[in-house]
Amino acid sequence: MSVRARYDEQADSYARLGKRVEDTLVGVKPSSWHFIRRVKEVESYALKLETGRYPDGVIDDFFACTLVVENRKSVEVAEELMRKHFQVHERRPKDPARTHKHSDAF
């Protein structure tokens, strides 16, 4: 299967997921919090596949979103909000005080 076909096979469902996440959060988050979402572009998807870490074509960041909050205390509130409205399968980093990536690696 071509990279484009693999991408197209997943893109619509992730776009619908993104819309659902946004619709849910806009209704429950404080207005001072900022929310953005994106579905990975096909070029970025192809580059990720080229690493060889995803032989089945299913990558871990096809859909991503960001919720910007005021301070560390608000992070805890935001995490609780996520658990209340969505099934959270994994938290990364596992320890909120540590990460394996450098600050410029995002």
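Against which elements do the buried residues of α1 pack? I shall answer that in a moment, after a word on the model.

The model is a predicted one, in which local features need pLDDT of at least 70, side-chain atom pairs count only at pLDDT 80 or more, and totals for chains, interfaces and linings use all residues. Residues are numbered from 1 along each chain as its sequence is written, and side-chain values use heavy atoms, with hydrogens and water left out.

To the question, then. The buried residues of α1 (3-28) pack against β1 (34-39), α2, β2 (63-68) and α3. Buried here means under 20% relative accessible area, exposed means over 50%, and partly exposed lies in between, with a 1.4 Å probe and protein chains only. Contact means heavy atoms within 4.5 Å. Helices (H or I, at least four residues) and strands (E, at least two) are DSSP runs, numbered from the N terminus.

Let me place these elements in the chain. The protein chain has three helices and two strands, in the order α-β-α-β-α along the sequence. Its C-alpha atoms fill a box of roughly 45 × 30 × 20 Å along the principal axes. Of its 106 residues, 24% count as buried. Among contacts with a separation of 6 or more, 67% join residues 24 or more positions apart.

I turn to α1 itself. This helix has 26 residues and reaches 37 Å from its first C-alpha to its last, close to the 38 Å expected at 1.5 Å a residue; the expected span is 1.5 Å times one less than the number of residues. A bend of about 30° occurs at Ala11, the bend being the angle between axes fitted to the seven residues ending there and the seven starting there. Ala11 is also one of the buried residues of α1, alongside Tyr7, Gln10, Gly18, Val21 and Leu25. Further along α1 is Thr24, which is partly exposed at a relative accessible area of 22%. Leaving aside neighbours within four places in sequence, Thr24 is in contact with His85 and Phe86. Thr24 and Ala11 are 13 residues apart in sequence and 20 Å apart in space, C-alpha to C-alpha.

Next, α2, residues 42-50. Its buried residues are Val42, Tyr45, Lys48 and Leu49. Seen down the axis of α2, these residues fall within an arc of 120°, so they line one face of the helix; the arc is that of the directions from the helix axis to the C-beta atoms. An α-helix has 3.6 residues a turn, so residues three or four places apart point the same way. The face of α2 turned away from the buried side carries the exposed residues Glu43, Leu47 and Glu50, while α1 is included in what covers the buried residues. Glu50 has a relative accessible area of 63%; its C-alpha is 10.0 Å from that of Val3, although the two are 47 residues apart in sequence. Just after α2, Gly52 takes a positive phi of about 85°.

The third helix, α3, covers residues 72-85. Its 14 residues should span 20 Å at 1.5 Å a residue, and its end C-alpha atoms are 20 Å apart, which agrees. The buried residues are Ser74, Ala78 and Leu81. Seen down the axis of α3, they fall within an arc of 55°, so they line one face of the helix. They pack against α1 and β2, whereas Arg72 and Lys73 are exposed on the other side of α3. Why does Ser74 count as buried? Ser74 counts as buried because its relative accessibility is 11%. Apart from neighbours within four places in sequence, Ser74 is in contact with Trp33 and Val69.

In the segment after α3 is Pro93. The peptide bond from Arg92 to Pro93 is cis, with omega near -5°. Most residues other than glycine have a negative phi, and most peptide bonds are trans.

Finally, the largest pocket. On a 1 Å grid over the protein atoms alone, a pocket is an open set of points where a 1.4 Å probe fits, with protein on both sides within 12 Å along at least five of seven lines; lining residues have an atom within 4 Å of a point. The largest pocket holds about 2300 Å³ of space, a volume being the space filled by probe spheres set on the points, with grid points joined across faces, edges and corners. Its lining comprises 42 residues, of which Ala64, Cys65, Glu90, Arg91 and Arg92 lie nearest its centre. The elements giving two or more residues to that lining are α1, β1, β2 and α3, and the largest share, six residues, comes from β2.
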